[in-house]
Amino acid sequence: MTTALTPALRDKAFRWIADDVDADSRAELQGVLARAMGGEVAALEDLSDRMSGSLEFGTAGLRGPVRAGPNGMNVAVVTRTTAGVATWLLAHGHAGGTVVVGRDARHGSEAFAKAVAEVLSAAGFAVKTLPGPLPTPVLAFAVRELGAVAGVQITASHNPPADNGYKLYDASGAQIVPPSDGEIERAIEAAPGAVSVPRSPGAVTVDLVDAYLDRVSSLPRGPERALKVVATALHGVGAETLRKAFERAGFPDLTLVDAQSAPDPDFPTVSFPNPEEPGATDLLLALASEVDADLAIALDPDADRCALGVRVGGTWRMLRGDETGVLLGSHILSTVDTPDPLVATTIVSSSMLGEIAAAHGARYKETLTGFKWLARAGEGLVFAYEEALGLCVNPSFVRDKDGISAAVLAAGYAATLKAAGRTLPEVLDELYVQHGVHLTDQVSLRVTDLSVRGQLMAGLRAAPPAALGGVDVTLTDLLPETDGLRLLGDGVRVVIRPSGTEPKLKAYLQVKEPVTGELADARDAAAKRLATLRSDVEALFA
């Protein structure tokens, strides 16, 4: 490990400081550089990491820690990124077009959104900014509602508190896909230092929350509204919009987890602000039990994801993303009046939606992971979901996952079932009896050296396992469409791929067990097979 500051690293830091437009960031990096020049090893390591390269702009935009330097989220990086986006938009004939800018309430979001708006205004675009921190689905809605050529949301979704991010939507209202990301990355690399990027005021604030809520309130597919709901925003920006959505849709009995309702960028009551993480929904489920609720709802911090909690017997639990996906997909297919409807999910989500679609005579498609692909699944799309709690129940007006809309639709469904003396878990059991018990799980390997992921993938390609979960499996390489592997056997499916947003190698597991006798017996058999499969996959990652 280097223990002395090299002239090249020192000069690179000095150049970045000279080009930075933010006084606080300049002071921050100057402090790190001064300590490194004084021989402080930790400061040298910190400086090396900050200057090791620029945050990569991919189809998910930017995401990284809020800190000074090119390898962090800061005003200078956001300024140069937006200059690249402006160049890309101009190259595609969008000069003078409308661009919408939104943000969440994380550290730095307000300053970053201002930088985005001013760079785009200086580049000649008609910039519309949303009023204050709002859910990401409102931004996605605004792009289509205003006929914008692009939209930018400053958010790190459910990342740790130290992070922030930059999410880009194109004129379709969906997140960008290749080759746009590569074109933008090259434009960013060619951009001048942040201090040389023109910025000017001129953005106009537009409030489209009411228009969004009008559309959301039309989603419930039945007249029933008698339902006691508890919900949490996990310290994000979703609480107020969710409350208004439920009020406008006619659900008066909504109780929010008070300690998690106000936006707080430090997320003080959760170790990781993601509804999927252990402990994140403890306060929610405790409140559900306390008030004897009918349904529990957890939004992630930017409210584009939605998790449902249900009572089974006397115990509350959160549904997995695949369970919620098949429940809402089945509900929509049972009530939709769209001719030749299409439903979609990803290659790593449960395949059960495909069987449900077949039973309804509907089309079904599996896409690569990410809503950027699901939003483009095809004409007639009425529903799409991904296992990581992403649900699109409203593709006609939001071409992305939308936790607010999913919550309202789920409440309508639960109210309809309650009026009939039924519950969501009972419907899930009925679907299992009809289509077989589908259980899913995930195995993740976190790495510090990203090359380890490539080595493991290469090893699996060269010598794939002959059997997993007690059955023979065959390998399908998903290249060149995506860096992934699919292993299929009788009642077993494993998809292995590097994460696009985290330093992890992920394996998505599924087992299917037909119900030939008692449902409980099929559940037990599926659970045992899944445990065996998990053990086998963990051994592959060892």
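## Exercises on a predicted model

Pro480 sits in the loop between strand 18 (471-477) and strand 19 (485-489); helices (H or I, at least four residues) and strands (E, at least two) are DSSP runs numbered from the N terminus. This is a predicted model, where local features need pLDDT of at least 70, side-chain atom pairs count only at pLDDT 80 or more, and totals for chains, interfaces and linings use all residues. Residues are numbered from 1 along each chain as its sequence is written, and side-chain values use heavy atoms, with hydrogens and water left out.

**Exercise 1. Look at the peptide bond from Leu479 to Pro480 and find its geometry. Then do the same for the bond from Pro178 to Pro179.**

Step 1. The bond from Leu479 to Pro480 is cis, and its omega is near 5 degrees.

Step 2. The bond from Pro178 to Pro179 is cis, with omega near 5 degrees. Pro179 belongs to the loop between strand 5 and helix 7 (180-190).

**Exercise 2. Describe the phi angles of His235 and Asp340, and place both residues.**

Step 1. His235 is not a glycine, yet its phi is positive, near 70 degrees. His235 lies in the loop between strand 7 (229-232) and helix 9.

Step 2. Now check accessibility: buried means under 20% relative accessible area, exposed over 50%, and partly exposed in between (1.4 Å probe, protein chains only). With a relative accessible area of 3%, His235 is buried.

Step 3. Asp340, also not a glycine, has a positive phi of about 55 degrees. Its place is the loop between helix 11 (321-335) and strand 12 (342-346), and at 46% relative accessible area Asp340 is partly exposed.

**Exercise 3. Test the length of helix 15 (residues 424-435), then work out where its buried residues lie.**

Step 1. The expected span of a helix is 1.5 Å times one less than its number of residues. For the 12 residues of helix 15 that gives 16 Å, which agrees with end C-alpha atoms 16 Å apart.

Step 2. The buried residues of helix 15 include Leu424, Pro425, Val427, Leu428, Leu431, Tyr432 and His435.

Step 3. Look down the axis of helix 15: its buried residues fall within an arc of 160 degrees, so they line one face of the helix. The arc is that of the directions from the helix axis to the C-beta atoms.

Step 4. Just after helix 15 comes Gly436, with a positive phi of about 95 degrees.

**Exercise 4. Explore the salt bridges, taking in Asp429 with Arg523 and Arg376 with Asp170.**

Step 1. Side chains of opposite charge can pair when their charged atoms come close. A salt bridge is a side-chain nitrogen of Lys or Arg within 4 Å of a carboxyl oxygen of Asp or Glu. A search of the whole structure finds 29 of them.

Step 2. Asp429 and Arg523 meet in a salt bridge of 2.1 Å, N to O. Asp429 lies in helix 15 and Arg523 in helix 17 (residues 519-541), so the pair ties together parts that are 94 residues apart in sequence.

Step 3. Between Arg376 and Asp170, the closest N and O atoms of the salt bridge are 2.7 Å apart. This pair links distant parts of the chain, 206 residues apart: Arg376 is in the loop between helix 13 (371-374) and strand 14 (381-386), and Asp170 is in strand 5 (residues 163-170). Arg376 is partly exposed at 27% relative accessibility, whereas Asp170 is buried at 15%.

**Exercise 5. Find which side chain of opposite charge is nearest to the buried Arg497, and which side chain makes a polar contact with Arg497.**

Step 1. Arg497 is part of strand 20 (residues 492-498).

Step 2. For charge, Lys and Arg count as positive and Asp and Glu as negative, while His and the chain ends are not counted. The nearest side chain of opposite charge is Glu387, 6.8 Å away, and the buried Arg497 has no salt bridge.

Step 3. A polar contact is a pair of N or O atoms within 3.5 Å; within protein, one must be able to donate a hydrogen and the other to accept it, and residues adjacent in sequence count only if both atoms are side-chain atoms. The side chains of Arg497 and Tyr508 make such a contact at 3.3 Å.
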